[in-house]
Amino acid sequence: MKLILLGAPGAGKGTQALSLSEKFDIPWMSSGDLFRSHRKENTDLWKQSFGYIEKGLLVPDSITINMVLSWIDENSNKGFLLDGFPRNIYQAESLETHLDNSSGIDKAIYISVPDEILIDRLSSRVVCKVCGIPYTKSDKNKCTVKACTGELYQREDDKPESIKKRLQVFMDETKPLIEYYNFRDKLIQIDGSGTVESVRESLESSILISNK
Ligand code: AP5
Ligand code: MG
């Protein structure tokens, strides 16, 4: 299966992706996590990307597309679950061209959540420094995923000004993808405003139905 998770910042893409990738046995790639995996070593890729990420802007396509398509080439024999890519029409077309020998993606799933809820979620989020899994701020300060136990921190782009910018960028650049995939009969839309468990159930059942 080749799936894309579409959704605004805070929609719950990262929250849902790990269990979906385990349930359907497909590798998960978060483009944001891929960028952040360069943070500790302060690589050239991180130096080129950080300014955009911190401000809530998209990293230029020339950097992002190479990074993601290389990940696909190295990891996707069993399909993939892409979280955060594509994020504009040009990226979607580049992905389509790259997958040209196969039949392209199977489905793009848009997790829809109202802005007020997104802002609340992002303002109270912390993520694992090691595996990137998101949590809501609480008394927990270590990741609880299997043997991870990474420290939790607040992302640089979860400051109020960056959140506002990211939501605007989503509206302007990423939302057109909903129509793009709808036109190709690849779009599934689900309501992401319920509990984590109810959103997971909707996602799993919509994937199962679409795969019949
Ligand atoms: P990225 O890391 O992808 O960030 P994003 O798209 O802004 O999305 P988030 O990770 O903020 O939200 P999410 O949907 O994963 O929500 P989460 O599950 O954490 O990208 C960061 C940056 O990298 C971009 O701004 C850009 O600069 C760059 N970048 C990345 N991809 C790029 C691309 N393709 N092109 C160019 N640049 C790119 O949930 C949020 C919070 O809510 C958590 O605390 C969670 O616990 C909580 N929560 C989740 N679901 C629920 C629920 N149902 N009920 C209650 N709480 C919930
Ligand atoms: Mg995420």
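A residue is called buried when its relative accessible area is under 20%, exposed when over 50%, and partly exposed in between (1.4 Å probe, protein chains only). By that yardstick, Asp157 is buried at 5%. The model here is predicted, so please note that local features need pLDDT of at least 70 and side-chain atom pairs count only at pLDDT 80 or more, while totals for chains, interfaces and linings use all residues. Residues are numbered from 1 along each chain as its sequence is written, chains are lettered from A and ligands numbered from 1 in the order in which they are written, and side-chain values use heavy atoms, with hydrogens and water left out.

**Salt bridges**

- The structure holds 11 salt bridges, each being a side-chain nitrogen of Lys or Arg within 4 Å of a carboxyl oxygen of Asp or Glu.
- One of them joins Arg155 to Asp157 at 3.0 Å, N to O, and Arg155 is buried too, at 12%.
- Salt bridges with shared partners link Arg125, Arg155, Asp157, Asp158 and Arg166 into one network.
- Within that group, Asp158 meets Arg125 at 2.9 Å; Asp158 sits in the loop between strand 7 (152-153) and helix 7 (160-174) and Arg125 in strand 5 (residues 125-128), so the pair ties together parts 33 residues apart in sequence.
- Asp158 is buried at 4%, and Arg125 is buried at 13%.
- Arg184 and Glu96 form another salt bridge, at 3.5 Å; Arg184 lies in the loop between helix 8 (176-183) and strand 8 and Glu96 in helix 5 (residues 89-98), so this pair ties together parts 88 residues apart in sequence.
- Here Arg184 is partly exposed at 34%, and Glu96 is partly exposed at 37%.

**Strands**

- Helices (H or I, at least four residues) and strands (E, at least two) are DSSP runs, numbered from the N terminus, and two strands pair if DSSP finds at least two bridges between them.
- Strand 4 (residues 107-112) pairs in parallel with strand 8 over 5 bridges, and 5 bridges also join strand 4 to strand 1 (residues 2-7), again in parallel.
- Of the 6 residues in strand 4, 5 are buried.
- In strand 8 (residues 187-191), Ile188 and Ile190 point to one face and are buried, while Leu187, Gln189 and Asp191 point to the other and are not.
- Across the pairings, Ile109 partners Ile188, Tyr110 stands opposite Gln189, and Gly7 stands opposite Ile111.

**Cysteines**

- There are 0 disulfides, meaning no pair of cysteine sulfur atoms within 2.5 Å.
- The sulfur of Cys128 has its closest cysteine sulfur in Cys148, 3.7 Å away and too far for a bond.
- Cys128 is buried, at 2% relative accessible area.
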